[in-house]
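Reader: I have a model open and some labels attached to it. I would like to know what each label rests on.

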Amino acid sequence: MTRPTLAFRLYVAAFYLFLFAPLATVAVFAFNASPFPAPPWRGFTLEWFVGTGAVFGRPGVLRDGAMLASIGNSLKVALPVAALAVALGTVNAFVLERAAFPGKRLIAMMMLWPLVIPGVILGISILAFFSRVANGLEAWLDRDLDFLRPGLGLVVLGQLSFILSLSTLIIAARLRRFDRALEEAAFDLGASRLRAFRTVTLPYLRPAMVGAGLVALLMSFENFNTTLMLVGSEPPLPVYMYGQMREGATPAVNAVSVLVMVAAGGLASLFALIVRPR
Amino acid sequence: MRTPRGLGLALLVAPAALWLGLLLVLPHVEIAILSVSERVAPRVYAFGLGNYREFFAEPLYWRTFARTAALSILVTALTLALAFPVALYVARVAKGRAKSLLFLLCLIPFWVSELVRTLGWMILLRETGVISAVLQRLGLASGPVELLYNDGAVVLGLVYGGLLFMVVPLVNALDSLDPSLVEAGHDLGGSRWTVLRRIVIPHAMPGIVAGSIVVFMLTVGNFATPVLLGGKNGLWFTEQIYAQFITRFNWPQGSAFGFLLLALSSAIVWAGLKLSGQPLGRTLRQGA
């Protein structure tokens, strides 16, 4: 199989064309001087990024309050999700790799479940459960508990339910390759447990923790299925985009997509730089 | 860090217990209970299987469910068929930098949100879109051609969305195939096709199963792609769940639908694992 036929090469070329066609299309029409994201080409413009709305009746992304608010909402969700995913994922990695207790196999298996449960179902189950908790607590405490109702707080919990599986797997994979003789050496040299952890184990885990954090940021920022079920009146970017696309989007949505592509590309390169070279 | 015991162990396991208990087990118990609750009077519920009976009684519901299952199987098969040659090329033909580059190029589109990719297909396929314009320019169509809002568009979008999750496990599986085995196959007089069928495909089986499981699961549970590319004709089962939960506020019915979808998805995952004889953990890691 060292001499690929021409047909084989053409197929592979066509495949990559297919792979990039939709992204290229989105990007190109972000710069088209037209009120609709459609051909024909009417000339290059940055109006859909920085325009005030004087030309096409709708402002560009960077001056569109609702769009900027949705990006803000996404960040309000993604940052806590990433922080919690790394912190709790590290603890979980130690549970998986270091602890021994009855029922550990079950716990280890359950940690994988969120990855094989459709996101929509994670969303509705968390929505229904937290509503019941809120109803019960509100009747008991006699006060409103809005953070248990649909909104950004619940979105954080919903996304965390499966992103934590990923961060746990990433960090546990690195902890598994850790040579425990290094810790023993630190103890022999008189280090306390905490000091050995801080100066030996944690630095070893850092690339995996950074990688898990970046993956969590990306997964959170792009999540749609689970988020849609738990969102209140403050839509994160994918939910906002979905609403726009159902109504017939303007090229402003293309423009925000270009910004997302650049940001995702940046994060992914960062991930490749930090995590890949072992 | 010796093996933790007592209070230390309890503190270590606490986050996992809270996570799995409060975000996984109890929520699923809640929708299990809801799904067997029937409204007997305003705000009064009793045990009953009415929500599941309703699913079988109303053709729209079970037909949408069957349609979702059938199209998801089709999407999984098409994704496998499209991705396999490319994985073969990346793993067995390309060398050195070209190989890493081709592999990386497969990953890039999936760092971008599903909504962005779907927007691209909408601009390409719709009546006023790029493909329609090109066809008219070439004289192949006399007027605008609507390629959106049909099953073909839905399948196309779903296959596109599944490709990465198929290519990566396939490349990982094919990478470990010893080239001398393939050569031996040729030396023994096997044609390209025989070698592929008798040596390459059996070796790639773990990757094929892992990719198929993940693609099926993601396809069955997809929401945005069938709704946006299929429009009114999308008819995906997740949409029914959304409608019951968010639009109609009929949570017991929505929970029953959710359970049925979970059962379908879990059954396929389980069958795939049985077929390959691999544990879930290894299958999921294949994709990473």
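The exchange below takes chain B label by label.

Author: Bear in mind that this is a predicted model.

Reader: What makes β1 and β2 of chain B a pair of strands?

Author: Pairing requires at least two bridges between the strands. Strand β1 (residues 37-41) of chain B and strand β2 (residues 44-47) of chain B are joined by four bridges, so they count as paired. The two run antiparallel. In one of the bridges, B:Arg39 has B:Tyr45 in β2(B) as its partner.

Reader: What lies between the strands in the hairpin of β1(B) and β2(B)?

Author: Two residues separate the strands there, and in this hairpin B:Arg43 takes a positive phi near 65°.

Reader: How many helices does chain B have beside its strands?

Author: Chain B has 13 helices and two strands. Its C-alpha atoms fill a box of roughly 75 × 75 × 35 Å along the principal axes.

Reader: How do you know that residues of chain B and chain A are in contact?

Author: The test is C-beta atoms within 7 Å. The contact takes 64 residues from chain B and 73 residues from chain A. On the chain B side, helix α1 (residues 6-35) gives the most, with 15 residues. That side divides into 47 nonpolar, 13 polar and four charged residues.

Reader: What makes a residue of chain B count as buried, and what share does?

Author: A buried residue has 20 or more other C-beta atoms within 10 Å of its own. Of the 288 residues of chain B, 45% count as buried.

How values were computed:
Residues numbered from 1 in each chain as written. Chains lettered and ligands numbered in written order. Predicted model: local features only at pLDDT ≥ 70, side-chain atom pairs only at ≥ 80, totals over all residues. Contact = placed C-beta atoms within 7 Å. Nonpolar A, V, L, I, M, F, W, Y, C, P; charged D, E, K, R; others polar. Buried ≥ 20, exposed ≤ 12 C-beta atoms within 10 Å, placed from the backbone.
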